[in-house]
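Hello! Here are a few friendly comments to read with the structure open beside you. Take them one at a time.

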Amino acid sequence: MNLKSLIIDNQSVVGVIGMGYVGLPLIIRFSEEGFKTVGFDVDDSKVDMLNKGSSYIKHIQPEKISSAIRQGFSATIDFSLISDIDIIIICVPTPLGVHNEPDLSYIQSTLQSIKVHLRENQLLILESTTYPGTTEEEILPIIEDAGFIVGDNFFIGYSPEREDPGNKDYTTKTIPKVVSGYTENCLKLTKTLYDQIVDQTVPVSSPRVAEMTKILENIHRAVNIGLVNELKMVADKMNIDIYEVISAAATKPFGFTPYYPGPGLGGHCIPIDPFYLTWKAKEMGMNTRFIELAGEINTAMPNFVVQKVGEALNDIGKSVRGSKILILGLAYKKNIDDLRESPTLVIIDKLLDLGANIQYSDPFFDTIPHTRKYQLDLKSKPLNTEILNDVDIVLLVTDHDDFDYILIEEEARLIVDTRGRFKASDKIIKA
Ligand SMILES: NC(=O)c1ccc[n+]([C@@H]2O[C@H](COP(=O)([O-])OP(=O)(O)OC[C@H]3O[C@@H](n4cnc5c(N)ncnc54)[C@H](O)[C@@H]3O)[C@@H](O)[C@H]2O)c1
């Protein structure tokens, strides 16, 4: 049977490489549609957990994994099993290096691990976010060197992920999916595959277009968030509440999309992906000034927050050194347990440097996991009257829905609010 019939008849085996925030929900979705699935990862602790039906991502319930297992799902660190797979989807990290250059080492090491196990009539799709040209420059040569004829006896696609962790309004099934292929046959197969698991696929003419589409989506957010962050600081000097301005402007029924300021960008995508394009554009002698400017403003937001904390303490005759500060929320956005690139860590680090006594409360983190940059050994405190009365300032960084905002407002002495969660009053300082 050819690959297209295998896909349509639900006879194909799907292997997803990288069982993280993107790969795990994706493989569960394939499993829900009756595909036999294998999850590949280099982290054997994740593989063990998955095979036991446990989840290490808070918003993915263990029941989803158990039901995938009943549907034939298993996880492995053994890449020789790639030869049993019909469709291989790569969802490994694409971070930045120390000089903001793309770090494709995860994709490259994946390709090295699988290349000797590839066989004819497989479809290989990259989902990791990356600069335009990656699929053709990194994947195609390896497949051709292995002796395959792409579009004939081997197929290559690129389809970017649009996961929005924690957002209950959209699921992997309902988010339209951009699909592309290196040849017409590659595109047809890639589209047929995703048509089985999402409501709408959006075919584009080449992997480059699909790669650039994903980057555009993230640049669009980074630049607009940079814009409102800058306007927030201007409005603050003018004694204007930027949130009131945004909600008034958002009543315009056309030509305006609201974006909200915050303590700085976080997550795996928005602070990182735009710089993939910046790096690639340099190859063409081009600069991406909007990206750089937005990056500059967004990266400086934690400084603005720390400055506002310092001013608030100054107003009550205290210095940052020796003050007691309770940080609320660690993740880069509300209701999730993802700490990657979170500005909270930058803010905590700066306040500790200035001599503050820091405590934090976050229902998603009992302790602060160590990251490459920060090793903060703190334990989450229960959010109650005692602690709220004890500290000089409560600093709201991540506005999780679980926090008791009425209690916080009643019991805290001063609140520095980076999310526009509280209405203006004597004890609220917007930051
Ligand atoms: N998290 C998001 O919301 C999101 C949204 C859209 C796109 N993306 C993109 O998707 C890609 C994956 O991101 P993520 O958030 O799922 O990352 P993640 O860190 O949550 O997961 C990546 C997984 O890959 C595994 N891994 C690393 N190297 C490997 C290798 N050589 N072989 C097999 N497994 C390996 C890791 O152990 C980890 O489990 C990135 O390119 C990211 O930019 C992420």
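The points below cover the ligand and then one residue, T201.

1. Before you start, note that this is a predicted model, in which local features need pLDDT of at least 70 and side-chain atom pairs count only at pLDDT 80 or more, while totals for chains, interfaces and linings use all residues. Residues are numbered from 1 along each chain as its sequence is written, and side-chain values use heavy atoms, with hydrogens and water left out.

2. Look at the shell around the ligand: of its 27 residues, V22, D41, K46, T94 and T129 come nearest (a residue is near if one of its heavy atoms lies within 4 Å). The shell holds 12 nonpolar, 8 polar and 7 charged residues, with Gly counted as polar. Helix α5 (residues 105–115) gives the most, 3 residues; helices here are DSSP runs of H or I with at least four residues, and strands are E runs of at least two.

3. Now for polar atom pairs. A polar side-chain atom of K46 is 2.8 Å from a ligand oxygen atom, and a polar backbone atom of V22 is 2.9 Å from an oxygen atom of the ligand. The protein buries 92% of the 840 Å² that the ligand exposes when taken alone (Shrake-Rupley method, 1.4 Å probe).

4. Is T201 buried or exposed? T201, in strand β8 (residues 201–203), is buried, because its relative accessible area is 10% and buried means under 20%.

5. The T201 side chain makes polar contacts (N or O atoms within 3.5 Å, one able to donate a hydrogen and the other to accept it) with the side chains of D195, at 2.6 Å, and K191, at 3.0 Å.

Methods:
Buried means under 20% relative accessible area, exposed over 50%, partly exposed in between (1.4 Å probe, protein chains only).
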